[in-house]
Amino acid sequence: MIRLMNVSKHYNKTQTQALKNVSIDIDQGEFVYLIGKSGSGKSTLLKHLYGQVKPTNGHVVFDSYIVSRLKSNELYRLRREVGVVFQEYNLLDYKTVYENVAYVLEVTGVEENQIEERVMEALTTVGLKHKELDLPEHCSGGEQQRIAIARAIVHKPKLLIADEPTGSLDPRTSLKMLQLLHKINRSGTTVVMSTHDYSFVEHMPARVIRLENGIVKSDRSKNHTLLILNNTMGEFYVV
């Protein structure tokens, strides 16, 4: 579903080598943690998946799209298949929760008679159906992030990208957010989530790709992760 082939990214302006010969394959339906310290290349890698940046070298493929070759006026087709959640919620403060989510469908030309059903389905998924008429300012930080997730999944994307989605949330709310992302993944959506918090892997194991200075330092499957975690507790088993 997703393939990065020898992807490198060099920013001339800052003389930064953000990615160095990165090659990754991600299958449909996987949940992937992309971990690493700030500056390790996580956000740059994610931006390649939805065409925000193009590689200096190498190729990026998503489904039937060669993302690295798409022109600016062709990206809208790709982004109908990809939902993106950022650390900053980027909500429209003058629109209600319902209107914030519906806006995504309106600008992509979805027929009006389909919008209400799809918006309410997305709000139900994130547990905010009762907040549809509220303004974002009347919602907590965790609720605002869930609104952002509803907005990202309302068009039923094949891929959900979450770039440090819990960075501004407290630990308890972060765990709830993680549980929500895994719930969405179980519905069939591929999820790639960047984080610097390795404790998430302990709570809800999945594939882990670790970046360091733009290089893939390790790539562990869910089963391998479970084996390692339980090794630290004196047990060896794989489920």
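1. The structure holds one aromatic pair, where rings of Phe, Tyr and Trp (its six-membered ring) pair if their centres lie within 6.5 Å. Separately, Lys-9 lies over the face of Tyr-11, at 5.2 Å from the ring centre; the criterion is NZ of Lys or CZ of Arg within 6 Å of the ring centre and within 35 degrees of the ring normal.

2. This is a predicted model, in which local features need pLDDT of at least 70 and side-chain atom pairs count only at pLDDT 80 or more, while totals for chains, interfaces and linings use all residues. Residues are numbered from 1 along each chain as its sequence is written, and side-chain values use heavy atoms, with hydrogens and water left out.

3. The largest nonpolar core (buried Ala, Val, Leu, Ile, Met, Phe, Trp, Tyr and Cys residues joined through side-chain atoms within 4.5 Å; buried means under 20% relative accessible area with a 1.4 Å probe, protein chains only) has 43 residues, and Phe-31, Tyr-33, Val-119, Leu-123, Ile-149, Leu-160 and Met-193 touch the most other members. A second, separate core of 26 residues includes Val-22, Tyr-65, Val-67 and Leu-75.

4. Not counting residues up to four places away in sequence, Tyr-33 touches, among others, Leu-178, His-182, Met-193, Phe-200 and Ile-209, contact being heavy atoms within 4.5 Å.

5. The lining of the largest pocket (on a 1 Å grid over the protein atoms alone, an open set of points where a 1.4 Å probe fits, with protein on both sides within 12 Å along at least five of seven lines; lining residues have an atom within 4 Å of a point) comprises 19 residues, with Val-82, Val-84, Val-104, Arg-151 and His-155 nearest the pocket's centre.

Terms used: Buried < 20%, exposed > 50% of the residue type's maximum accessible area, 1.4 Å probe, protein only. Phe/Tyr/Trp six-rings, centres within 6.5 Å; stacked < 30°, edge-to-face > 60°.
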